[in-house]
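Hi,

Here is the model I promised to pass on. Have a look at it first, and then read my notes below.

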Number of protein chains: 2
Amino acid sequence: MRRIGALIFPGFELLDVFGPLEMFGLLDDAYSLTLVAETAGPVRSGQGPSACADATIGDGPAYDILFVPGGAGTRREVGNTRLLDWIAGASECSEFCLSVCTGSALLAKAGVLDGRRATTNKMAFAWVADQGPKVHWVRQARWVEDGKFITSSGVSAGMDMALGAIAVMHGPETAEKVAGWAEYSWQKDRDLDSFAKMHGLA
Amino acid sequence: MRRIGALIFPGFELLDVFGPLEMFGLLDDAYSLTLVAETAGPVRSGQGPSACADATIGDGPAYDILFVPGGAGTRREVGNTRLLDWIAGASECSEFCLSVCTGSALLAKAGVLDGRRATTNKMAFAWVADQGPKVHWVRQARWVEDGKFITSSGVSAGMDMALGAIAVMHGPETAEKVAGWAEYSWQKDRDLDSFAKMHGLA
(Lines give C-alpha, C1' and ligand atoms only; values in the text may rest on other atoms or scores of the structure.)
Protein backbone atom coordinates (compact mmCIF):
# COMPACT_ATOMS: atom_id res chain seq x y z
CA MET A 1 0.00 0.00 0.00
CA ARG A 2 1.49 3.34 -1.09
CA ARG A 3 0.38 6.57 0.58
CA ILE A 4 -0.27 9.43 -1.85
CA GLY A 5 -0.04 12.97 -0.49
CA ALA A 6 -1.87 15.26 -2.91
CA LEU A 7 -1.06 18.92 -2.31
CA ILE A 8 -3.88 21.45 -2.67
CA PHE A 9 -3.72 25.25 -2.39
CA PRO A 10 -6.17 28.09 -3.10
CA GLY A 11 -6.77 28.20 -6.84
CA PHE A 12 -5.82 24.56 -7.55
CA GLU A 13 -7.31 23.13 -10.75
CA LEU A 14 -10.12 20.63 -10.06
CA LEU A 15 -9.36 18.04 -12.74
CA ASP A 16 -5.58 18.23 -12.18
CA VAL A 17 -6.23 16.77 -8.73
CA PHE A 18 -9.28 14.56 -9.06
CA GLY A 19 -8.63 12.99 -12.47
CA PRO A 20 -5.43 11.26 -11.30
CA LEU A 21 -6.81 10.58 -7.80
CA GLU A 22 -9.78 8.79 -9.40
CA MET A 23 -7.40 6.44 -11.24
CA PHE A 24 -5.29 5.72 -8.15
CA GLY A 25 -8.43 5.49 -6.00
CA LEU A 26 -9.86 2.71 -8.15
CA LEU A 27 -6.94 0.58 -6.88
CA ASP A 28 -7.89 1.02 -3.25
CA ASP A 29 -5.80 -1.96 -2.15
CA ALA A 30 -2.70 -0.33 -3.62
CA TYR A 31 -3.05 3.37 -2.79
CA SER A 32 -4.42 5.55 0.01
CA LEU A 33 -5.20 9.18 -0.83
CA THR A 34 -4.66 12.19 1.45
CA LEU A 35 -5.26 15.84 0.53
CA VAL A 36 -2.51 18.00 2.11
CA ALA A 37 -2.52 21.80 2.44
CA GLU A 38 -0.93 24.57 4.49
CA THR A 39 -3.94 24.46 6.82
CA ALA A 40 -6.47 21.68 7.33
CA GLY A 41 -10.05 22.18 6.12
CA PRO A 42 -11.62 23.71 3.04
CA VAL A 43 -9.39 24.92 0.19
CA ARG A 44 -11.12 26.62 -2.73
CA SER A 45 -10.29 25.55 -6.28
CA GLY A 46 -9.88 27.93 -9.20
CA GLN A 47 -13.30 26.77 -10.46
CA GLY A 48 -15.16 27.54 -7.21
CA PRO A 49 -15.81 24.25 -5.38
CA SER A 50 -13.69 23.52 -2.29
CA ALA A 51 -11.93 20.34 -1.25
CA CYS A 52 -11.05 19.55 2.38
CA ALA A 53 -7.45 18.95 3.39
CA ASP A 54 -7.14 16.10 5.90
CA ALA A 55 -3.45 16.79 6.62
CA THR A 56 -1.15 19.81 6.70
CA ILE A 57 2.39 20.42 5.54
CA GLY A 58 3.24 20.91 9.23
CA ASP A 59 2.57 17.20 9.80
CA GLY A 60 5.84 16.56 7.98
CA PRO A 61 6.46 14.59 4.81
CA ALA A 62 5.33 10.99 5.17
CA TYR A 63 4.13 10.05 1.72
CA ASP A 64 5.39 7.39 -0.66
CA ILE A 65 4.07 9.46 -3.56
CA LEU A 66 4.08 13.26 -3.63
CA PHE A 67 1.44 14.59 -6.03
CA VAL A 68 1.44 18.28 -7.06
CA PRO A 69 -1.36 19.71 -9.24
CA GLY A 70 -1.43 22.99 -11.13
CA GLY A 71 -3.92 25.81 -11.45
CA ALA A 72 -3.99 29.59 -11.29
CA GLY A 73 -2.88 29.43 -7.64
CA THR A 74 0.60 28.28 -8.67
CA ARG A 75 1.34 31.87 -9.78
CA ARG A 76 1.19 32.82 -6.10
CA GLU A 77 2.64 29.66 -4.58
CA VAL A 78 5.94 29.91 -6.52
CA GLY A 79 6.68 32.71 -4.02
CA ASN A 80 5.63 30.69 -0.94
CA THR A 81 8.95 29.63 0.63
CA ARG A 82 7.35 27.55 3.37
CA LEU A 83 5.38 25.53 0.82
CA LEU A 84 8.38 25.12 -1.51
CA ASP A 85 10.52 23.91 1.41
CA TRP A 86 7.88 21.31 2.23
CA ILE A 87 7.74 20.21 -1.42
CA ALA A 88 11.54 19.81 -1.47
CA GLY A 89 11.46 17.69 1.71
CA ALA A 90 8.46 15.61 0.68
CA SER A 91 9.97 15.01 -2.75
CA GLU A 92 13.27 13.92 -1.14
CA CYS A 93 11.44 11.36 1.04
CA SER A 94 9.18 10.07 -1.75
CA GLU A 95 9.47 6.98 -3.90
CA PHE A 96 7.68 8.81 -6.74
CA CYS A 97 7.02 12.51 -7.31
CA LEU A 98 4.23 13.41 -9.75
CA SER A 99 2.90 16.67 -11.12
CA VAL A 100 0.10 17.77 -13.44
CA CYS A 101 -0.02 20.96 -15.51
CA THR A 102 1.64 23.96 -13.82
CA GLY A 103 2.35 21.81 -10.75
CA SER A 104 5.77 21.28 -12.31
CA ALA A 105 6.42 25.03 -11.77
CA LEU A 106 6.25 24.36 -8.03
CA LEU A 107 8.55 21.33 -8.30
CA ALA A 108 10.96 23.37 -10.43
CA LYS A 109 10.93 26.35 -8.08
CA ALA A 110 11.58 23.97 -5.16
CA GLY A 111 14.69 22.89 -7.06
CA VAL A 112 13.88 19.20 -7.25
CA LEU A 113 13.74 19.03 -11.07
CA ASP A 114 17.20 20.54 -11.71
CA GLY A 115 18.98 18.49 -14.37
CA ARG A 116 15.82 16.47 -15.02
CA ARG A 117 13.51 16.22 -18.04
CA ALA A 118 9.98 17.50 -17.32
CA THR A 119 6.89 18.91 -19.03
CA THR A 120 3.91 21.12 -18.19
CA ASN A 121 0.75 22.80 -19.50
CA LYS A 122 1.21 23.87 -23.12
CA MET A 123 -0.51 27.25 -22.67
CA ALA A 124 1.67 28.27 -19.67
CA PHE A 125 4.90 26.76 -20.97
CA ALA A 126 7.08 29.90 -21.05
CA TRP A 127 6.12 30.95 -17.52
CA VAL A 128 6.71 27.48 -16.10
CA ALA A 129 10.07 27.16 -17.87
CA ASP A 130 11.13 30.46 -16.26
CA GLN A 131 10.60 28.91 -12.82
CA GLY A 132 13.29 26.29 -13.46
CA PRO A 133 16.10 27.40 -15.81
CA LYS A 134 18.13 24.24 -14.97
CA VAL A 135 15.28 21.88 -15.93
CA HIS A 136 15.25 20.24 -19.39
CA TRP A 137 11.72 21.24 -20.39
CA VAL A 138 10.09 19.01 -22.99
CA ARG A 139 7.85 21.02 -25.34
CA GLN A 140 5.93 18.09 -26.84
CA ALA A 141 4.93 15.22 -24.51
CA ARG A 142 1.72 14.00 -22.88
CA TRP A 143 3.87 13.19 -19.88
CA VAL A 144 7.59 12.74 -19.10
CA GLU A 145 9.19 10.10 -16.88
CA ASP A 146 12.68 10.81 -15.50
CA GLY A 147 13.61 8.53 -12.64
CA LYS A 148 11.10 8.99 -9.86
CA PHE A 149 9.76 12.23 -11.37
CA ILE A 150 6.70 11.91 -13.61
CA THR A 151 5.36 15.24 -14.89
CA SER A 152 2.36 15.71 -17.16
CA SER A 153 1.04 18.25 -19.59
CA GLY A 154 -2.12 20.28 -18.88
CA VAL A 155 -5.23 19.30 -16.92
CA SER A 156 -6.60 16.12 -18.51
CA ALA A 157 -3.10 14.83 -19.32
CA GLY A 158 -2.86 14.03 -15.61
CA MET A 159 -5.19 11.05 -16.09
CA ASP A 160 -2.99 9.55 -18.82
CA MET A 161 0.06 10.19 -16.63
CA ALA A 162 -1.56 8.57 -13.58
CA LEU A 163 -2.30 5.44 -15.62
CA GLY A 164 1.31 5.57 -16.86
CA ALA A 165 2.50 5.75 -13.23
CA ILE A 166 0.25 2.79 -12.35
CA ALA A 167 1.81 0.91 -15.28
CA VAL A 168 5.29 1.63 -13.88
CA MET A 169 4.28 0.41 -10.41
CA HIS A 170 1.89 -2.45 -11.27
CA GLY A 171 2.34 -3.23 -14.97
CA PRO A 172 0.40 -2.08 -18.05
CA GLU A 173 -2.31 -4.73 -17.65
CA THR A 174 -3.34 -3.22 -14.31
CA ALA A 175 -3.38 0.28 -15.82
CA GLU A 176 -5.59 -0.98 -18.69
CA LYS A 177 -7.95 -2.58 -16.18
CA VAL A 178 -8.29 0.67 -14.21
CA ALA A 179 -8.95 2.61 -17.43
CA GLY A 180 -11.71 0.10 -18.29
CA TRP A 181 -13.35 0.51 -14.87
CA ALA A 182 -13.34 4.29 -15.35
CA GLU A 183 -14.64 3.89 -18.94
CA TYR A 184 -11.60 5.96 -19.90
CA SER A 185 -9.81 5.75 -23.27
CA TRP A 186 -6.23 5.85 -22.02
CA GLN A 187 -3.79 7.56 -24.36
CA LYS A 188 -0.84 5.38 -23.41
CA ASP A 189 1.81 6.87 -25.72
CA ARG A 190 3.45 9.52 -23.55
CA ASP A 191 5.19 11.15 -26.52
CA LEU A 192 1.95 11.73 -28.47
CA ASP A 193 0.84 15.31 -27.76
CA SER A 194 -1.46 17.02 -30.25
CA PHE A 195 -1.92 19.95 -27.89
CA ALA A 196 1.69 21.14 -28.19
CA LYS A 197 0.94 22.00 -31.83
CA MET A 198 -2.49 23.46 -31.01
CA HIS A 199 -0.89 25.83 -28.53
CA GLY A 200 2.08 26.78 -30.73
CA LEU A 201 4.89 24.71 -29.20
CA ALA A 202 5.48 22.28 -32.07
CA MET B 1 -24.83 32.93 -16.51
CA ARG B 2 -26.29 29.53 -15.59
CA ARG B 3 -26.08 28.27 -12.00
CA ILE B 4 -25.06 24.62 -11.72
CA GLY B 5 -26.05 22.78 -8.54
CA ALA B 6 -23.85 19.68 -8.27
CA LEU B 7 -25.19 17.20 -5.74
CA ILE B 8 -22.68 15.36 -3.55
CA PHE B 9 -23.33 12.62 -0.96
CA PRO B 10 -21.09 10.27 1.05
CA GLY B 11 -19.46 7.86 -1.36
CA PHE B 12 -19.77 10.07 -4.46
CA GLU B 13 -17.27 9.25 -7.22
CA LEU B 14 -14.53 11.91 -7.53
CA LEU B 15 -14.19 12.08 -11.31
CA ASP B 16 -17.97 11.88 -11.88
CA VAL B 17 -18.18 15.27 -10.19
CA PHE B 18 -14.95 17.06 -10.96
CA GLY B 19 -14.42 16.00 -14.57
CA PRO B 20 -17.62 17.72 -15.78
CA LEU B 21 -17.24 20.63 -13.33
CA GLU B 22 -13.75 21.29 -14.75
CA MET B 23 -15.23 21.63 -18.24
CA PHE B 24 -18.06 23.94 -17.13
CA GLY B 25 -15.66 25.83 -14.84
CA LEU B 26 -13.39 26.72 -17.74
CA LEU B 27 -16.30 28.83 -19.05
CA ASP B 28 -16.49 30.94 -15.90
CA ASP B 29 -18.48 33.68 -17.64
CA ALA B 30 -21.19 31.16 -18.54
CA TYR B 31 -21.49 28.91 -15.47
CA SER B 32 -21.23 29.21 -11.69
CA LEU B 33 -20.64 26.00 -9.73
CA THR B 34 -22.13 25.10 -6.33
CA LEU B 35 -21.70 21.81 -4.47
CA VAL B 36 -24.98 20.89 -2.76
CA ALA B 37 -25.47 18.22 -0.07
CA GLU B 38 -27.89 17.25 2.68
CA THR B 39 -25.69 19.14 5.14
CA ALA B 40 -23.12 21.86 4.46
CA GLY B 41 -19.43 21.11 4.96
CA PRO B 42 -17.20 18.13 4.19
CA VAL B 43 -18.63 15.15 2.30
CA ARG B 44 -16.33 12.16 1.81
CA SER B 45 -15.97 10.62 -1.64
CA GLY B 46 -15.78 6.89 -2.31
CA GLN B 47 -12.05 7.32 -2.96
CA GLY B 48 -11.31 9.04 0.39
CA PRO B 49 -10.85 12.77 -0.25
CA SER B 50 -13.67 15.08 0.87
CA ALA B 51 -15.29 17.98 -0.93
CA CYS B 52 -17.10 20.80 0.89
CA ALA B 53 -20.75 21.53 0.18
CA ASP B 54 -21.48 25.27 0.05
CA ALA B 55 -25.26 24.80 -0.05
CA THR B 56 -27.80 22.31 1.27
CA ILE B 57 -30.90 20.72 -0.20
CA GLY B 58 -32.81 22.62 2.51
CA ASP B 59 -31.94 25.88 0.73
CA GLY B 60 -34.48 24.84 -1.91
CA PRO B 61 -33.97 24.25 -5.62
CA ALA B 62 -32.59 27.31 -7.33
CA TYR B 63 -30.36 25.96 -10.06
CA ASP B 64 -30.56 26.33 -13.80
CA ILE B 65 -28.71 23.03 -14.16
CA LEU B 66 -29.09 20.09 -11.78
CA PHE B 67 -26.03 17.83 -11.87
CA VAL B 68 -26.13 14.37 -10.24
CA PRO B 69 -22.99 12.19 -10.06
CA GLY B 70 -22.73 8.49 -9.28
CA GLY B 71 -20.58 6.41 -6.99
CA ALA B 72 -20.97 3.64 -4.43
CA GLY B 73 -23.06 5.98 -2.24
CA THR B 74 -25.96 5.84 -4.73
CA ARG B 75 -26.73 2.30 -3.44
CA ARG B 76 -27.75 3.94 -0.14
CA GLU B 77 -29.22 7.18 -1.53
CA VAL B 78 -31.83 5.40 -3.70
CA GLY B 79 -33.56 4.79 -0.34
CA ASN B 80 -33.23 8.40 0.86
CA THR B 81 -36.72 9.86 0.33
CA ARG B 82 -35.77 13.38 1.42
CA LEU B 83 -32.94 13.49 -1.12
CA LEU B 84 -35.09 11.98 -3.90
CA ASP B 85 -37.84 14.55 -3.22
CA TRP B 86 -35.27 17.33 -3.54
CA ILE B 87 -33.96 15.84 -6.80
CA ALA B 88 -37.52 15.70 -8.20
CA GLY B 89 -38.14 19.35 -7.28
CA ALA B 90 -34.75 20.61 -8.46
CA SER B 91 -35.15 18.69 -11.72
CA GLU B 92 -38.62 20.19 -12.23
CA CYS B 93 -37.24 23.73 -11.81
CA SER B 94 -34.14 23.18 -13.96
CA GLU B 95 -33.45 24.12 -17.55
CA PHE B 96 -31.15 21.08 -17.88
CA CYS B 97 -30.76 17.98 -15.73
CA LEU B 98 -27.48 16.04 -16.07
CA SER B 99 -26.18 12.82 -14.58
CA VAL B 100 -22.97 10.81 -14.72
CA CYS B 101 -22.59 7.07 -14.11
CA THR B 102 -25.00 5.70 -11.46
CA GLY B 103 -26.31 9.22 -10.86
CA SER B 104 -29.07 8.25 -13.30
CA ALA B 105 -30.25 5.67 -10.70
CA LEU B 106 -31.09 8.62 -8.41
CA LEU B 107 -32.88 10.49 -11.21
CA ALA B 108 -34.78 7.30 -12.12
CA LYS B 109 -35.75 6.56 -8.51
CA ALA B 110 -36.94 10.17 -8.16
CA GLY B 111 -39.26 9.44 -11.11
CA VAL B 112 -38.02 12.21 -13.38
CA LEU B 113 -36.78 9.90 -16.16
CA ASP B 114 -40.05 7.96 -16.63
CA GLY B 115 -40.75 7.61 -20.36
CA ARG B 116 -37.33 9.07 -21.20
CA ARG B 117 -34.24 7.59 -22.84
CA ALA B 118 -31.22 7.46 -20.51
CA THR B 119 -27.96 5.62 -19.93
CA THR B 120 -25.59 4.82 -17.05
CA ASN B 121 -22.40 3.03 -15.99
CA LYS B 122 -21.90 -0.16 -18.00
CA MET B 123 -20.78 -2.25 -15.02
CA ALA B 124 -23.81 -1.33 -12.87
CA PHE B 125 -26.35 -1.36 -15.70
CA ALA B 126 -28.73 -4.04 -14.37
CA TRP B 127 -28.95 -2.48 -10.89
CA VAL B 128 -29.54 1.02 -12.28
CA ALA B 129 -32.20 -0.23 -14.72
CA ASP B 130 -34.03 -1.83 -11.77
CA GLN B 131 -34.35 1.62 -10.16
CA GLY B 132 -36.43 2.90 -13.07
CA PRO B 133 -38.56 0.25 -14.84
CA LYS B 134 -40.39 2.96 -16.84
CA VAL B 135 -37.16 4.44 -18.23
CA HIS B 136 -35.95 3.48 -21.73
CA TRP B 137 -32.41 2.45 -20.78
CA VAL B 138 -29.86 2.67 -23.59
CA ARG B 139 -27.27 -0.12 -23.32
CA GLN B 140 -24.71 1.36 -25.71
CA ALA B 141 -24.10 5.13 -25.62
CA ARG B 142 -21.39 7.44 -24.32
CA TRP B 143 -24.21 9.75 -23.34
CA VAL B 144 -27.92 10.19 -24.13
CA GLU B 145 -29.81 13.44 -24.71
CA ASP B 146 -33.61 13.42 -24.27
CA GLY B 147 -35.06 16.88 -23.96
CA LYS B 148 -33.51 18.59 -20.97
CA PHE B 149 -32.16 15.30 -19.59
CA ILE B 150 -28.57 14.43 -20.50
CA THR B 151 -27.29 11.23 -18.88
CA SER B 152 -23.83 9.74 -19.34
CA SER B 153 -22.15 6.40 -19.06
CA GLY B 154 -19.56 5.65 -16.34
CA VAL B 155 -17.05 8.00 -14.67
CA SER B 156 -14.93 9.55 -17.45
CA ALA B 157 -17.91 9.61 -19.86
CA GLY B 158 -19.10 12.58 -17.80
CA MET B 159 -16.45 14.78 -19.39
CA ASP B 160 -17.59 13.93 -22.92
CA MET B 161 -21.20 14.52 -21.84
CA ALA B 162 -20.34 17.89 -20.25
CA LEU B 163 -18.73 19.03 -23.49
CA GLY B 164 -21.82 17.75 -25.32
CA ALA B 165 -24.01 19.81 -22.99
CA ILE B 166 -21.80 22.87 -23.59
CA ALA B 167 -22.24 22.24 -27.34
CA VAL B 168 -26.04 22.22 -26.88
CA MET B 169 -25.95 25.48 -24.91
CA HIS B 170 -23.12 27.37 -26.66
CA GLY B 171 -22.39 25.53 -29.91
CA PRO B 172 -19.79 22.89 -30.81
CA GLU B 173 -17.02 25.46 -31.45
CA THR B 174 -17.18 26.57 -27.81
CA ALA B 175 -17.08 22.95 -26.63
CA GLU B 176 -14.02 22.30 -28.83
CA LYS B 177 -12.32 25.39 -27.40
CA VAL B 178 -12.92 24.22 -23.82
CA ALA B 179 -11.57 20.75 -24.67
CA GLY B 180 -8.42 22.38 -26.08
CA TRP B 181 -7.90 24.45 -22.94
CA ALA B 182 -8.17 21.28 -20.85
CA GLU B 183 -5.86 19.43 -23.28
CA TYR B 184 -8.69 16.90 -23.52
CA SER B 185 -9.41 14.70 -26.56
CA TRP B 186 -13.18 15.05 -26.65
CA GLN B 187 -15.02 11.98 -27.92
CA LYS B 188 -17.87 13.92 -29.47
CA ASP B 189 -19.90 11.04 -30.94
CA ARG B 190 -22.36 10.23 -28.16
CA ASP B 191 -23.34 6.89 -29.74
CA LEU B 192 -19.76 5.56 -29.81
CA ASP B 193 -19.29 3.41 -26.70
CA SER B 194 -16.58 0.77 -26.71
CA PHE B 195 -17.12 0.10 -23.00
CA ALA B 196 -20.61 -1.39 -23.50
CA LYS B 197 -18.95 -4.28 -25.33
CA MET B 198 -16.07 -4.50 -22.82
CA HIS B 199 -18.57 -4.87 -19.99
CA GLY B 200 -20.86 -7.34 -21.81
CA LEU B 201 -23.75 -5.07 -22.85
CA ALA B 202 -23.23 -5.12 -26.61
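A definition before anything else: a residue is called buried when its relative accessible area is under 20%, exposed when that is over 50%, and partly exposed in between, with a 1.4 Å probe and protein chains only. On that basis, 66% of the 202 residues of chain A count as buried.

Now the housekeeping. This is a predicted model, so to speak: local features need pLDDT of at least 70, side-chain atom pairs count only at pLDDT 80 or more, and totals for chains, interfaces and linings use all residues. Residues are numbered from 1 along each chain as its sequence is written, chains are lettered from A and ligands numbered from 1 in the order in which they are written, and side-chain values use heavy atoms, with hydrogens and water left out.

**Chain A overall**

The radius of gyration (over C-alpha atoms) is 15 Å for chain A, which agrees with the value near 17 Å for a compact globule of 202 residues; the globule rule is 2.2 Å times the number of residues to the power 0.38. Along the principal axes, the C-alpha atoms of chain A fill a box of roughly 40 × 35 × 35 Å. About 7000 Å² of chain A is exposed, and carbon and sulfur atoms supply 49% of that; the areas are Shrake-Rupley ones with a 1.4 Å probe, and for residues only the protein chains shown count as cover. Taking a contact as heavy atoms within 4.5 Å, 68% of the contacts in chain A between residues at least 6 apart in sequence join residues at least 24 apart.

**The sheet in chain A**

Chain A has eight helices and 11 strands. These are DSSP runs numbered from the N terminus, with helices being H or I of at least four residues and strands E of at least two. Strands pair if DSSP finds at least two bridges between them. Seven strands of chain A make an open sheet with mixed pairing, in the order E5-E2-E1-E6-E7-E11-E10. Strands E5 (55–56) and E10 (143–146) of chain A are at the edges with a single partner strand each, so one side of each has no neighbour in the sheet. Further in, E6 (residues 65–68) and E7 (residues 96–99) of chain A pair in the parallel sense over four bridges, and Val68(A) stands opposite Ser99(A) in E7(A).

What packs on this sheet? Helix H1 (residues 14–25) of chain A does, touching E1 (2–7), E2 (31–37), E6 and E7 of chain A, with its direction at about 155° to that of E2(A). Helix H3 (residues 81–93) of chain A lies across E1, E2, E6, E7 and E11 (149–152) of chain A, at about 145° to E6(A). Those angles run from 0 to 180 degrees between N-to-C directions, using lines fitted to C-alpha atoms, for helices over the stretch in contact.

**Helix H7 of chain A**

Which residues of H7 (residues 172–181) of chain A are buried? They are Thr174(A), Ala175(A), Val178(A), Ala179(A) and Gly180(A). Their cover includes H1 and H6 (157–170) of chain A, together with H8 (194–198) of chain B. After H7(A) comes Glu183(A), with a positive phi near 50°.

**Cysteines**

With a disulfide being a pair of cysteine sulfur atoms within 2.5 Å, the count over all chains is one. Cys52(A) and Cys52(B) form it, with their sulfur atoms 2.3 Å apart. It crosses between chains, from strand E4 (residues 50–53) of chain A to strand E4 (residues 50–53) of chain B. The torsion about its S-S bond is about 85°, so the disulfide is right-handed. Cys52(A) counts as buried at 5% relative accessibility, and Cys52(B) counts as buried at 5% too.

The sulfur of Cys93(A) is 11 Å from the closest cysteine sulfur, in Cys97(A), which is too far for a bond. Cys97(B) is in no disulfide, the nearest cysteine sulfur being that of Cys93(B), 11 Å away. Cys97(B) is buried, with a relative accessible area of 0%.

**One spot in chain B**

Met161(B), in helix H6 (residues 157–170) of chain B, is buried with a relative accessible area of 0%. Leaving out residues up to four places away in sequence, Met161(B) touches Phe67(B), Leu98(B), Ser99(B), Val100(B), Trp143(B), Ile150(B) and Ser152(B).

Cheers
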